[in-house]
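Student: Could we go through some of the labels used for this structure? I would like to see how each one is earned.

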Amino acid sequence: RHGVLQDWLNKINQTEGGLEEFSQAYKYYGLHFQPDNSVIAREWAPGARDVYLTGDFNSWHWESHPFKKMDYGKWEIHLPPNPDGSPAIKHLSEIKVIIRNHSGQLLDRLSPWAKYVVQPPKSANQGVNFKQYVWEPPAAERYQRQHESPAKPKSLRIYECHVGIASQEPRVGSYDDFADRILPRIKRQGYNCIQVMAIMEHAYYASFGYQVTSFYAASSRCGTPEQLKRMIDVAHSHGLFVLLDVVHSHASKNVQDGLNQFDGTNSCFFHDGARGEHSLWDSRLFNYVEYEVLRFLLSNLRWWHDEYNFDGYRFDGVTSMLYHSRGIGEGFSGDYNEYFGLNVDTDALNYLGLSNYLLHSLDPNIITIAEDVSGMPTLCRPVSEGGIGFDFRLGMAIPDKWIELLKEQSDDEWNMGNLVHTLTNRRWMENTVAYAESHDQALVGDKTIAFWLMDKEMYTHMSTLSDSSLIIDRGLALHKMIRLITHSLGGEAYLNFMGNEFGHPEWLDFPRVGNNDSYHYARRQWNLVDDDILKYKYLNEFDRAMNEREERFGWLHSGPAYVSWKHEGDKIIAFERAGLVFVFNFHPNRSFTGYRVGTNWAGTYQAVLSSDDTHFGGHNRIDANCRHPSNPEGYAGRSNFIEVYTPSRTAVVYARVSD
């Protein structure tokens, strides 16, 4: 595999001037204004018989401005300036590419390199297809970057977010609103990174951004390219790293406003036949051995970094890319035959290796995350070691385990050993992003952890003035414990989806025909956490405190935890990490005094975080001033132990306050 990657790098160096040149195709393809105000447009359409440019500039005469055919399926057109010296095409002019296929049909398309595409308003009665508008604003209207990117975080605490649903009002949120209203919230919560979904333009809003139609265009639903640049710059001013949720695993089947059949054939950017179709996603699959496809995708990664200043990428659908089966219906056991057999799609694997090699060569501070559930070995080891080069993979088994426990088992049936195994089962020296839930669990048809725990009681008993409720009490307690043990034991980075930090109720459902195009569930109800008489504030404050303690002690970047205790009867888990001792009592009704907890670090300990604090909606059963001297007698395989009070459904973190 490494040899194939090296062969590709050698070919690109010999024939394309190196990866540096190869990955800047956006400077060659698409529409470009020259210093003399002439305009040059280039496209790659190997299956086309003729190519034309049309739009406002030529009164929509489809065949009046033909491209010149060049080698290797490339096409070029040169438009001289107008007699008055102005460019023939203006900023915000509408244009289209016209393809004549080999049957003689004329087909209208959007350029794959379009920077700005907009869906016409319903009132215009112009259909639903997106339209391409030239984005070439005058210098005075271009956003000028004011802040440098922050330093690469030692510990990555990720806030997964979607600009469109960030609004409290029933509408699509904007880049400006997100910058001004939401980013300060994220900063206050102690996150140091945002992972932004649904930025690459997608015709179908309800796809959550995963059916991309225009790969170089920022979603116009939320604003203009300049407004997105401002949003990212404001995030940097808050010290937030910014990751793009990038979708290179597949593309929308849309033809007139997507990549599909761009040149009039069924291939072009994709495999023809069954290999070019994803049966579950109803989408097209890229041909990763085609030079121009590699050029298009690698340049796309470079574009978002160079043009918008994104600091890294979360690669969507990596498991689908890695295997010819697309991972459909497969349960990966960890047997190496699953990862080194004929089912592996080495073309896609090679593309991912090239992507990581390019990005980390371009900027060593770039962070890349793979959405892979299969556990492919070396996925998160450097290319120089023969790996694929990702910095992290998502710990996708963890949220599944929490949903399984909440949905299928009573509290006293939870298996502590199995839970610890799920939280710690990751490849040695390959970093994992741990998360209790992401956007997947919030979608209609599923439930968030808060809703699994408290369901309809959230409508009647989340007020501090209402009668106490055992369901709410249990829900608040377990919500905090689930998040803390995932944060502290599950990986080397942590992720939270927008709103889940305070137990956002209900589910996500985008406007569609089935719900009368309603935005009611496609928004975030920030008023719930801002209302001081509602209990959502308790979960929010615990989330903030959890991140603050991680910033202070750095457990995410300190190396793996040592789990010294998993007691099935007591329902207690204890472990050490970053010089701290974590104690979790999941028992529904038993508390323990003088409970021995092993530690290898002698000294006096004191609680630095308790989920039972009244500030977090707890019962204040832990005395933060109480000191716990260690005893040098060995216990639980450790050289010392401390004795603590561990109340039911409570998590406590202890730190050494003296040697």
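Student: Why is the pairing of E169 with R171 called a salt bridge?

Tutor: Happy to start there, with a reminder that this is a predicted model. The closest N and O atoms of E169 and R171 are 3.3 Å apart. The cut-off is 4 Å between a side-chain nitrogen of Lys or Arg and a carboxyl oxygen of Asp or Glu, so the name applies.

Student: What makes E169 and R171 partly exposed?

Tutor: E169 has a relative accessible area of 33%, and R171 has 30%. Partly exposed is what lies between the 20% and 50% limits, so both values get that label.

Student: How do you know that E277 and R284 form a salt bridge?

Tutor: Here the closest N and O atoms are 3.8 Å apart. That is within 4 Å, so E277 and R284 qualify.

Student: Which of the words buried, partly exposed and exposed fits E277, and which fits R284?

Tutor: E277 is at 28% relative accessibility, between the limits of 20% and 50%, so E277 counts as partly exposed. R284 is at 1%, which is under 20%, so R284 counts as buried.

Student: What makes E404 and K401 a salt bridge, and where do they lie?

Tutor: Their closest N and O atoms are 3.4 Å apart, and this is within 4 Å, so the pair counts. Both residues lie in helix α8, residues 397–408. They are three residues apart, about one turn of the helix. As for accessibility, E404 has 29% and is partly exposed, while K401 has 10% and counts as buried.

Student: Which residues are joined into one network by salt bridges that share partners?

Tutor: R49, D50, E63 and R100 are joined that way. In total, the structure holds 50 salt bridges.

Student: Why is S648 called buried, and where is it placed?

Tutor: The relative accessible area of S648 is 10%, under the 20% cut-off, so buried is the right word. S648 sits in the loop between β28 (640–646) and β29 (650–658). Beyond its neighbours within four places in sequence, S648 is in contact with residues including N585, H587, P588 and R621.

Student: How do you know that C193 is buried?

Tutor: C193 has a relative accessible area of 0%, and buried means under 20%, so the label follows. C193 belongs to strand β11, residues 193–197. Its C-alpha atom is separated by 6.0 Å from that of R157, although the two are 36 residues apart along the chain. Among the contacts of C193, leaving aside neighbours within four places in sequence, are R157, Y159, L240 and F241.

Student: How many aromatic pairs are there? And why is the pair of F451 and Y459 called edge-to-face?

Tutor: The structure holds 46 aromatic pairs. For F451 and Y459, the distance is 6.2 Å centre to centre, within the 6.5 Å limit, so they pair. The angle between the planes is 85°, over 60 degrees, so the pair is edge-to-face. F451 itself is buried, with a relative accessible area of 5%.

Student: What sits over the ring of W8, and what sits over the ring of Y308?

Tutor: The charged end of K11 sits over the ring of W8, 4.0 Å from its centre. Over the ring of Y308 sits the charged end of K229, 5.5 Å from the ring centre. The distance limit is 6 Å, so both values meet that part of the test.

How values were computed. Residues numbered from 1 in each chain as written. Predicted model: local features only at pLDDT ≥ 70, side-chain atom pairs only at ≥ 80, totals over all residues. Heavy atoms only, no water. Buried < 20%, exposed > 50% of the residue type's maximum accessible area, 1.4 Å probe, protein only. Helix = DSSP H or I, 4+ residues; strand = E, 2+ residues; numbered from the N terminus. Contact = heavy atoms within 4.5 Å. Phe/Tyr/Trp six-rings, centres within 6.5 Å; stacked < 30°, edge-to-face > 60°. Lys NZ or Arg CZ within 6 Å of the ring centre and 35° of its normal.
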